[in-house]
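These are my notebook entries on a single chain, made while looking up its helix packing and a handful of individual residues. The entries follow the order in which I looked.

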Amino acid sequence: MKIQGKMFIWLAVFILIMAIVYGLWSKEPAGTTALFLAFGLSIMIGYYLAFTARRVDTGAQDNKEADVADDAGEVGFFSPHSWQPLALGVGGALAFLAVAIGWWLLFFSAPLILVGLWGWVFEYYRGENRTQ
């Protein structure tokens, strides 16, 4: 995290210099304000990463001799046979399509989203997968 903190702090310095140059050269308030806000965001992220890096153990990204596999951890458990993501995907697509076509389409997509979400959350609480 030390490297990422330094990168964001240097990015913040660059954005600050560019904000000052842009503000003096263009005299345009919207872009200058946006650049100063980007500077503030970068400095906050950089400070947080640098502050946190001092309190945690060094990670593989801070070791120059580390391999990519040294930073790999558990990804998680994914259900290989679940149909619920398909229901959520179709329901979500219909919900976004409702913005373009008409809000009445939400009446058909909302139940599909709710059934898919309910099934995905409680998939391992009943049925043949209850013991997993």
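**Entry 1: α3 against α4**

I began with the second helix pair and found that the axes of α3 and α4 come within 8 Å and cross at roughly 155°. I note at the outset that the model is predicted. Angles over 145 degrees count as roughly antiparallel, and α3 and α4 are therefore roughly antiparallel to each other. I recorded the crossing of α3 and α4 as left-handed. On the α3 side I listed Q84, P85, A87, L88, V90, G91, G92, L94, A95 and A98 as making the contact. On the α4 side the contributors are L106, S109, L112, I113, V115, G116, L117, G119 and W120. Sorting the contact of α3 with α4 by class, I obtained 13 nonpolar, six polar and no charged residues.

**Entry 2: two residues within that contact**

I next looked up S109, which sits in helix α4, residues 106–121. Is S109 buried or exposed? I found a relative accessible area of 0% for S109, so this serine is buried. Setting aside neighbours within four places in sequence, I found S109 in contact with G91, L94 and A95.

I then turned to A95, which I placed in helix α3, residues 84–100. Its relative accessible area is 17%. The cut-off for buried is under 20%, so A95 counts as buried. With neighbours within four places in sequence left aside, A95 is in contact with L106, S109 and I113. I also took one spacing here: A95 and F107 are 12 residues apart in sequence, and their C-alpha atoms are 8.9 Å apart in space.

**Entry 3: α1 against α2**

I moved to the pair at the start of the chain, helix α1 (residues 2–26) and helix α2 (residues 29–53). Their axes come within 8 Å and cross at roughly 160°. By the cut-off of 145 degrees for a roughly antiparallel pair, α1 and α2 are therefore roughly antiparallel to each other. I noted that the crossing of α1 and α2 is left-handed. By class, I recorded 20 nonpolar, seven polar and one charged residues in the contact of α1 with α2.

**Entry 4: residues of α2**

Which residues does S42 contact, leaving aside its neighbours within four places in sequence? I first confirmed that S42 lies in helix α2. I then listed F8, L11, A12 and I15 as the contacts of S42. The relative accessible area of S42 is 7%, so I entered this residue as buried.

L35 is also in helix α2. I entered L35 as partly exposed, with a relative accessible area of 25%. Not counting residues up to four places away in sequence, L35 touches I15, M18, A19 and Y22. For one of these, I15, I took the C-alpha separation from L35 and found 6.6 Å, with the two residues 20 residues apart along the chain.

A30 is placed in helix α2 as well. I found 52% relative accessibility for A30, and the cut-off for exposed is over 50%, so A30 counts as exposed. I took a spacing from A30 to L94: the two are 64 residues apart in sequence and 37 Å apart in space, C-alpha to C-alpha.

**Entry 5: the loop between α1 and α2**

I checked K27, which lies in the loop between α1 and α2. What is notable about the phi of K27? I found a positive value of about 55°, although K27 is not a glycine. K27 has a relative accessible area of 67%, so I recorded this lysine as exposed.

**Entry 6: the annotation from the record**

Finally, I consulted the UniProt annotation "transmembrane region", which comes from an unreviewed entry and covers residues 7–25, 31–51 and 94–121. I compared two of these spans with the model. Residues 7–25 are 100% helix and 0% strand, and the end C-alpha atoms of this span lie 27 Å apart. Over residues 94–121 I found 82% helix and 0% strand, with 21 Å between the end C-alpha atoms.

Key:
Residues numbered from 1 in each chain as written. Predicted model: local features only at pLDDT ≥ 70, side-chain atom pairs only at ≥ 80, totals over all residues. Heavy atoms only, no water. Axes fitted to C-alpha atoms, helices over the stretch in contact; angles between N-to-C directions. Helix = DSSP H or I, 4+ residues; strand = E, 2+ residues; numbered from the N terminus. Parallel < 35°, antiparallel > 145°, perpendicular 65-115°, else oblique. Left-handed = near helix turned anticlockwise from the far one by under 90°. Nonpolar A, V, L, I, M, F, W, Y, C, P; charged D, E, K, R; others polar. Buried < 20%, exposed > 50% of the residue type's maximum accessible area, 1.4 Å probe, protein only. Contact = heavy atoms within 4.5 Å. UniProt positions renumbered as here; feature names shortened; annotations may be inferred.
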